[in-house]
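The following exercises concern one structure, shown below. Each task is followed by a worked solution.

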Amino acid sequence: MSLLHLAILSPFLLAIFIPILYKLFRKVHTGWFVLPLPILLFSYFLSFISITSTHQTITESVPWIPALGVDFIAKVDGLGLLFALLITGIGSLVVLYSIYYLAKDKEKLNTFYVYLLLFMGAMLGVVLSDNLIVLYTFWEFTSFSSFLLIGFWYDREKSRYGAQKSMLITVFGGLSMLGGIILLYIMTGSFNISEIIDQAAAISTSPLFIPALVCILLGAFTKSAQFPFHIWLPDAMEAPTPVSAYLHSATMVKAGIYLVARMTPVFASEGLWLWLVAGFGIVTLFWGSFNAVKQTDLKAILAFSTVSQLGMIMSLLGLGAAALHFDDIDNSFFGAATAAAVFHLFNHATFKGSLFMVVGIVDHETGTRDIRKLGGLMNFMPITFTLAIIGTFSMAGLPPFNGFLSKEMFFTGMIRVTELNIFNFETWGMLFPVIAWIASVFTFIYSMILVFKTFTGKYQPEKLEKKPHEAPMGMLISPIVLASLVIIIGFFPNILSNSIISPALESILPNNDIDVHISFWHGFKPELFMTIGVIALGILLFLTLPKWRKVYNIFPKKLTFNRLYDSGLEMIQHASNKLTKTYMNGSIRSYLVYIFAFFIFILATTIAVKNAFTFDTSNISSIGFYEVLLALAVVIGSISILFVKSRMTAIILLGAVGYTVSLFYVLFRAPDLALTQLVIETISVALFLLCFYHLPKNRNEERNRFKLTNAIISIGVGAIVTVIALSAHSNKVFDSIAEYYVENTYTEAAGKNMVNVILVDFRGFDTLFEITVLTIAALGIFAMIKLRMGGKKKNENK
Amino acid sequence: MEIVMAFVIGILFMSATYLMLSKSLLRIIIGTGLLSHGAHLLILTMGGLKRGTVPLLGEEASSYTDPIPQALILTAIVISFGVTAFFLVLAYRAYKELGTDNTERLRGNEGND
């Protein structure tokens, strides 16, 4: 256990103490107890920059399940560190923000911060694990904590819906990813990413390679809300805004991107990888931005915007993978696409995080997020407005903010796609820059909607629940920090290039020495004209929005993916309900029929398959006169129970069979059994009679009609038991261990009755548990007889 | 004798199963009683019958009957008694509360799931 492991697990450890702290210090906002941890972790991870910037990695290993090749290997490299810094850095800001966002006395802060810490720890685990099984475990943990956080206000129906949706989709992807991981293990014999990468070339011809690739990508696409799995993200916006800012824009949704980046060295040799990652990415980019424009809820706009931006990063990663296919000259260039992906990943976290917080402030101070109700808030919230301007302009790709830089790099990447001459890119590659450009226009439009519909235009106080005013300072600190990062990185992008981006690139594209240098001015290149075109067309379309909004009505509502999801879910529920009802019909007889039928089936098959039936008449004991008599008595007694109509007779017959069995024990040299059986049988019969006295009289409807199925099943059970009894006697696999008891009963336990000594000494615990069972039965009986309050009430209600 | 016993056990199991598949609670409980008799005899028969004297060291015999099945059965007899008693009271209470001992009538309603 190293300090690194402790750092990953520390959020879980703190989570244990949060409920206690919450109870003890009711007057202090629980967030204050949480806040130091992410700050501490952030500074701890900052110290790694000096190591990773020299392209070194740190690996610490703790054995977990060595027999299965699963060790908890914590590995810090450029890519992992970038994510770790985002998780802890944004995490600190979000916790700080949440202290002011969530009211101390109204919300269940203890559960909120437990969930948040669970998420933080899980996310750190995902990005710092080198073992895929450990990664998968943490991955599912993020899904669970996301589920809990989306459903935080579980009394709202929409929250529950969104939580379930995100859970179903991401866990589906997670399971498919597990499948991919296992396929990789089958091919390489290792769960460790670094070892799998070493064998990448060898496994690329395996028939399992493509299935593994698709499975892993499904996991990544569902998590990162790629088209068509993006539908869960907008519904996840029911979570409290700090959660949306943290999980659903800056960190968790980027886990999929992390996975794609991490797996690039393994899969990039395959053309399908390029096509799938880049293709789905670019489609998501367009679809997200296109749909964001029609939203009226501020958070919905941001959700679709996140979907779109994730698609953009994804497409860049896909294209960047092409670098592994080329010689040195082209490398630098496709490496640059990856660099753009990493850079934009960082930028997106900053501007989207701050925008979410801004929207949270607007929601908090006005009581609504509907842009049709908002407007003219500029005068009431000047600081928030400024923050919004910075965030949205960066998102739209305007200078001098960091979003402009990464967007330019993105355009560069897209233009160069057309020069690719592998995997059919020469024919279809042209689509990439076109779609990218159109999507950027939409991005520009929704960015403008976000800021101008909220903060400028007509102020409509009558539609707002509260009188708007500027947010408290505590709430503004976090977005201010993020917005200043947006500006600082905008002006000095190269503070990141060597410390963060270049080491991360080393992890995605190993052995490609890429020099990252980001600059504002590239000269009059196509990228610049594309940006100018985006701005010009964007402003035009923004101003004429009401005229072309109808475009969105063209799509039939029935054909959306949400509809597909909803009706699919309903169908599954309906079908499984129907299926379950056919066999779970509430009749105990049916259940017993299943049990007995299965009993016959499984035993008969086993005997047939194992060829276990043997019949051996040697070593058999003699048949005595009395024994035959007793056997006849048991047979006649038990069969006549079936046919008697009177219950009294049945009970007496049962008693007769019981007494006969105890006589059997006498003949078979088991005096203790005989005694016990006699006593028990007497009490049983008494109990039966007592019960019989209270049960209803035989009526006509209770006549025991002969039933063929029952008879067949009973005869089957009887036959199979006979076969087993015969085979069990004829097969002696082991010698009896009785010798041990014969020898040791007196020396070890000083008793002469072997059966008694076994019960009270050698197997004393069995007897103890037997007594426990009897006690439980007695308690149950006592409760049933004495406690009848509920039952009486029920009868009265009838 | 073991072969005779195998058939006796089979018949006990058969009757028990048939009784357990009927509708009346009392018959189901009688079925479980028969089933446990069958199971006890099965265990005893599997260990071999009459292989020596009674398992008491005081007999000072050269061979004893296997004591382990007997110990198992002794536990089982007591447990099955506990189960029977519990079932009987359950049936009695069910009848008192619901007015029937017919399992078909004791089914949950469609709406109450």
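**Exercise 1.** Determine the secondary structure content of residues 708-786 of chain A and how far apart the end C-alpha atoms lie.

*Solution.* In this predicted model, residues 708-786 of chain A are 85% helix and 0% strand. The C-alpha atoms at the two ends of this stretch are 41 Å apart. An unreviewed UniProt entry lists the stretch as "domain: MrpA C-terminal/MbhE".

**Exercise 2.** Describe the contact between domain 1 and domain 2 of chain A.

*Solution.* Begin with the bounds: domain 1 of chain A covers 1-266, domain 2 covers 269-319 + 326-542, and domain 3 covers 734-783. Next, take the C-alpha centres of domains 1 and 2, which lie 23 Å apart. The contact involves 47 residues from domain 1 of chain A and 53 residues from domain 2 of chain A. On the domain 1 side, the elements supplying at least two residues each include α11 (209-223) and α14 (255-267) of chain A. The largest share there, 13 residues, belongs to α5(A). Finally, sort that side by class: 32 residues are nonpolar, 13 polar and two charged.

**Exercise 3.** Which element of chain A gives the most residues to the side that touches chain B, and how does that side divide by class?

*Solution.* First, establish the extent: 83 residues of chain A contact 73 residues of chain B. Then list contributors of two or more residues, among them α27 (588-610), α31 (708-730) and α34 (764-786) of chain A. Of the contributors, α31(A) gives the most, with 14 residues. By class, this side of chain A holds 51 nonpolar, 22 polar and ten charged residues.

Note on methods:
Residues are numbered from 1 along each chain as its sequence is written. Chains are lettered from A and ligands numbered from 1 in the order in which they are written. This is a predicted model: local features need pLDDT of at least 70, side-chain atom pairs count only at pLDDT 80 or more; totals for chains, interfaces and linings use all residues. UniProt positions are given in the numbering used here, feature names are shortened, and annotations may be inferred rather than shown by experiment. Helices (H or I, at least four residues) and strands (E, at least two) are DSSP runs, numbered from the N terminus. Domain bounds come from an automatic or database domain assignment. Two residues are in contact if their C-beta atoms, placed from the backbone, lie within 7 Å. Ala, Val, Leu, Ile, Met, Phe, Trp, Tyr, Cys and Pro count as nonpolar, Asp, Glu, Lys and Arg as charged, and the others, Gly among them, as polar.
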